[in-house]
Amino acid sequence: MVIPHTVRVGILVLAATGFYTYVGQMVPQKEVLPPQETVIRADLTTDDMVKVGQEIMNGKGLCFTCHTLGKTEGPFRFPDLSGVDARAKTREPGLSDVDYFAQTIYEPNAFIVPGFNPGMPVINKPPIGLTDQEILCVIAYLQTLGGTPTVTLQTSHHYYTPPGAPGAAPPGAPGAPGAAPAPAAASAPGAAPSAPPVAPGTAPAAPGTPPAPAAPAKGTR
Amino acid sequence: MNGAFNRKVLFILGPVTGLVMFAAVVWMASQLMNREYREPYRVPSAAVDATPREGGLAAERADAETKARAKPYAEAEYRTFPIVGSRVAIWAVAELHLLFAAFVLAVPIFAFIIEVIGYKNGDPRYDRLAYEFTKLLSTSFSLTATFGAALTFMLIILYPKFTNYMMSVFSPTFLPYVLLFFAEAFFLYTYYYGWGKFHPLVHLGLGLGLNLVGTGIMMIANAWVTFMTSPAGVSDQGAVLSVRDAIFNYTWMPINIHRFIANIAFGGSVAGAYAAFKFLNAETDEERAHYDWMGYIGNFVAISAFLPLPFAGYYLAKEIYAFSQTLGLTMMGGAFSWLFIVQAVLIGNLFLAANYYLWLGMGRVEGFQPLQKFIKYLLVGITLCFAVWATPRSIIATVSELRAMGGGTHPILGYFGVMSAKNTAVNILILTTFMSFLLYRRTGKVATVAWAKMGHAAQLAIFAAAAIIVISLGVYGYFVEATVRIGLSVPQVGSVLFAMVSITAIDIFLFRGARKTGEVHWGRMPAISQYVLIFIAVTFTWLMGLMGYIRSGLRQHWHVYGVMRDTSVDAFTPTIGFATRVVSVTVLLFFLLIGFVFWLTSLHDRPDFVRQPKARLRPGSDDIPPEFAVAPGEP
């Protein structure tokens, strides 16, 4: 029996398409969900913030798309984050680790680690768009990498002053990021201004903010 | 009796098909309508007794009516498409539109070039070939427009908020687009129907106009899609600041260049498939010779455009990284990175198939035997490069295998999975395929110029130097930081491009007035060579579908990256397996439709239908078939 050429061509098209579909099934299959919205509760302790920060870095923040953690041998596209807090304290003269981390997040091209190319996006703007509180949580987690976390939700830095803190913008005023930074004096590295030094894990609830005991530390919508 | 019955069946087939299609449209519309909420049927109030219950119900109805009247207009963000969902529906229609559009934009480019060659050398075969290519355009243009309209309406219906936003940003571009589309229709149909009717220069002018307008249309549409990936000219909240900046965004020009070249490669391959289809069904040697030549030209166009395509791809990737490192890394190191392994399989197959076709093609030239010995070396080179390119960095393995390897990366093969090795492999692949072209080009010819020996030596030296540079830089890339390594691809690409241009230039002069050692016998090709051409077309089409998915899917949960978020149920990025299934179904649909285009086009060559005369003549006449003869005595 002679198979007509048209039929053969049809079989060839089906076979080739089928083969490529098969190749597509052979590679790892992963569905990537949109990042979950994080709800930061006002009474988070520093320890809670560390956990939230770690989750943000692994998820919504997309940090480990570029950065590595614990990679000892090159090549490195972006700096490895192991022991980063120890380096952050001395990386730029006059900047505490909190201020340095804040700078890398709000204004990443202000300082480029020698040996690397600029390329980090501004994290508080879309597409990543972390909130100021989420960024504080990320800083808390970064502090655990080679240091001790000290930030609370009341910690000020060059790019953000929490509501109610000295120098804070009145309610309804435009947001601070990227705008005139708070005075350096108001930025007590690692501690909430006009508040007693906070021991890790004992951060008080935000003054004037009622705690929300029913709300989860991190929720989704 | 049978013939008459068949004719009757054929006669009613048209209206029956029309009725079935009409019924299908009505059914589809009713399905869509049924998905909307409707008030349940209630007995008319006049027909029921005025009981307290009825009074209560009437008050309830009046209350509902008042509320309904007071309901403010709310713009829908999304609507759903039945069964497959909105995203897959838009995906398939957009891909089909783009495939036909690519074909319609590409064919006039090489038809015009072939016509110019024919005009310059006066060989009518070129004119016939260019016309043969152009014959494919008419139906394809209608299908492009149909899918374009379907895509527009579906976007308006399924993604109204997003479509509205895009219209607000790009409103100044839509009227020029429509006008260019009219101009495209004018040029295309005048170019096609005016073949041989005007002075050749006038006709060539029409062809040039067609190409310019087509490129303009493509560039406007590219502005829309590239804005979605790398938006510019808008505020953080999406307000339009500059339409010009929105058009001239980071990826606009790289996509213009990449699509222009890729369209030619794709169009060439589909035109080659048409020629192969015609070759296989040809009945005379003359037809076979013509379609063999046409297939060769189609494949030549496809592969010539395909060779510089990776360089355009580098440029596009570079601009994506320049716009956003996150986007770049999502593409190359994140969720989409495995798609590049699938891409490597496709491109490897393309290179293998294209080379195989060229090697088979040597058989149509007398005196090809001396060059045959080189084929095995080329094959080894291509296979090795293919293997390196398709090697993933991390390997899918069981836990015990991972433990044995000491991680997700194989201790030896892992070295082939990195960019240094892949860049080297693809550059050597390009060089090897270029060598195949060169061998084919000189089959059956001997250079007779005085400097022939020196010319051959120079060509060989350039080729060797390019290969050494590519391999050395590839090895060097393992020992330097990423910042340096990224830059190494530029001299690698540069040396390959230099080799291709300079060796071709030498070859043109070297074989000017060459002595022929054998004739080219067009049509003397085994049938398998034609199936190879069809395989190349399928692979190109699938590759276009895959790369289109990467370009578009890269935005992940954003309609416009960083500006307008996708909040629909389809905001997730599907698995690669799912994506490849959608691509495959769309490719099959495309081939079904392009098969229809081929069939319609082939009607051109079919002789006109001649109705058999219902002769009222007497039997015995020499030229009357017996069934039409009228018996003596019949009226």
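A salt bridge, for our purposes, is a side-chain nitrogen of Lys or Arg within 4 Å of a carboxyl oxygen of Asp or Glu. Keep that one in mind, please. What we have here is a predicted model, where local features need pLDDT of at least 70 and side-chain atom pairs count only at pLDDT 80 or more, while totals for chains, interfaces and linings use all residues. Residues are numbered from 1 along each chain as its sequence is written, chains are lettered from A in the order in which they are written, and side-chain values use heavy atoms, with hydrogens and water left out.

Okay, chain B. Its 21 helices and four strands are DSSP runs numbered from the N terminus: helices are H or I with at least four residues, strands are E with at least two. Of its 635 residues, 49% are buried, and buried means under 20% relative accessible area, using a 1.4 Å probe and protein chains only.

Now, how many salt bridges are there between chain B and chain A? The count is one. D236(B) pairs with K125(A), and their closest N and O atoms are 3.6 Å apart. Which helix of chain B gives the most to the side that touches chain A? That's α21(B), with nine residues.

Stepping back to the whole interface, 47 residues of chain B are in contact with 43 residues of chain A, contact being heavy atoms within 4.5 Å. About 3,900 Å² is buried between the two chains, with carbon and sulfur atoms giving 68% of that. That buried area is the accessible area (1.4 Å probe) that two parts lose on being put together, summed over both. T326(B), L329(B) and Y531(B) supply 14% of the area chain B buries against chain A, more than any other three residues.

Two of those names take us to helix α12 of chain B, since T326(B) and L329(B) are among its buried residues. Why call α12 largely enclosed by the rest of the structure? Because seven of its eight residues, in the run 325-332, are buried. Those buried residues pack against α7 (200-229), α11 (309-323), α13 (339-361) and α20 (527-553), all in chain B.

For contrast, look at I412(B). Is I412(B) buried or exposed? It's exposed, because its relative accessible area is 57%, and exposed means over 50%. You'll find I412(B) in the loop between α16 (399-405) and α17 (419-441) of chain B.

That's my tour, so have a look for yourselves.
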